[in-house]
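Colleague: I have this chain open on my screen and I'd like to go through one part of it slowly. Could you take me through the open sheet, strand by strand, and then say a bit about what else is in the chain?

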Amino acid sequence: MRWLSAEAAWRSLPPAVANAPASQIPATATANDQAVAGSLKSPLADRVAAQLRLARGGVKISPNEISWDDGKVVMVFPLDGEAVALASSSAVVDGGASTQAIHGCPTQYLGAEYYCFYADGNYGGRRLQFKDHPQIINFTNYGFDNQASSWVNGGGADIYVYDGYDPYASSSIWIEFPHSQSSLVAAGNNDRASSFRAI
Ligand SMILES: [Ca+2]
């Protein structure tokens, strides 16, 4: 949803996130944080720091990766000078396992099924990747509201994406069938995704 201000979105965080340990709660996010986090011109460290302020409970696990929920959710940033984020590092997928990636999104790892959203078209910008289903996700929890422009569904889940925070209150704006991808969502849906349901 576009009408929700950054401050209101911040207040909408669910209790589980709001109660994160104090050590994991960064300083208050600002409207500029979203711009910095999404910029490809700001230094990587600044972009990662801005993202940590946007989404509480995140842990920086490598110079270009933030993890939430014990690694079930990971954001990967393009390195400085790059438009596309690399595949996940060993901090996300332990070495030794066979992992394939589609546009950087892991597709097989010990039976886990991943699906990824990208802030820019052509699988560029920040990549927010999830593993396992079923689950319902509010993008605000990861500082990724109204950001998604392309996606990869590397697993067997059906992903229903919504322009709102209650998946049961409105129709999906797009559906990601298993093992499919899109380099750019329809123009009317670009930068509108606020939540999704993986079933
Ligand atoms: Ca976008």
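Modeller: Here is the sheet first, followed by a pair of packed helices and a few whole-chain numbers.

Keep in mind that this is a predicted model. The part you asked about is an open sheet of 4 strands, and its order reads S8-S13-S10-S11, with antiparallel pairing. At the edges sit S8 and S11 (174–176), and each of those pairs on one side only. From one strand to the next, the twist averages 15°.

Let's walk across, starting at S8. This strand covers residues 135–138, and it pairs with S13, residues 195–198, in the antiparallel sense over 4 bridges. If you want a spot to click on, try Ile137, which stands opposite Phe196 in S13.

Next comes the step from S13 to S10. Strand S10 takes in residues 159–162, and its pairing with S13 is antiparallel too, over 4 bridges. Here a handy marker is Ile159, whose bridge partner in S13 is Ala198. So which strands does S13 sit between? In the sheet order, S13 falls between S8 and S10.

The last step goes from S10 to S11, an antiparallel pairing over 3 bridges. Look for Val161 on S10: its bridge partner in S11 is Trp174. One thing to bear in mind while you rotate the view: in a regular strand the side chains alternate between the two faces of the sheet.

Now for the helices. Helix H3 (residues 31–38) packs against helix H4 (residues 44–54) at an angle of about 140°, and their axes are 8 Å apart. That angle is why H3 counts as oblique to H4; the cut-off for roughly antiparallel is over 145 degrees. The crossing of H3 and H4 is left-handed. On the H3 side, the contact is made by Asp33, Gln34, Val36 and Ala37, while H4 brings in Asp46, Arg47, Ala50, Gln51, Arg53 and Leu54. Sorted by class, the contact between H3 and H4 has 4 nonpolar, 2 polar and 4 charged residues.

Stepping back to the whole chain, the secondary structure comes to 4 helices and 13 strands. Of the 199 residues in the chain, 41% are buried. As for contacts with a separation of 6 or more, 59% of them are between residues 24 or more positions apart. The sheet has pairings of that kind: S8, at residues 135–138, lines up with S13, at residues 195–198.

Notes. Residues numbered from 1 in each chain as written. Predicted model: local features only at pLDDT ≥ 70, side-chain atom pairs only at ≥ 80, totals over all residues. Pairing = 2+ DSSP bridges. Helix = DSSP H or I, 4+ residues; strand = E, 2+ residues; numbered from the N terminus. Axes fitted to C-alpha atoms, helices over the stretch in contact; angles between N-to-C directions. Parallel < 35°, antiparallel > 145°, perpendicular 65-115°, else oblique. Left-handed = near helix turned anticlockwise from the far one by under 90°. Contact = placed C-beta atoms within 7 Å. Nonpolar A, V, L, I, M, F, W, Y, C, P; charged D, E, K, R; others polar. Buried ≥ 20, exposed ≤ 12 C-beta atoms within 10 Å, placed from the backbone.
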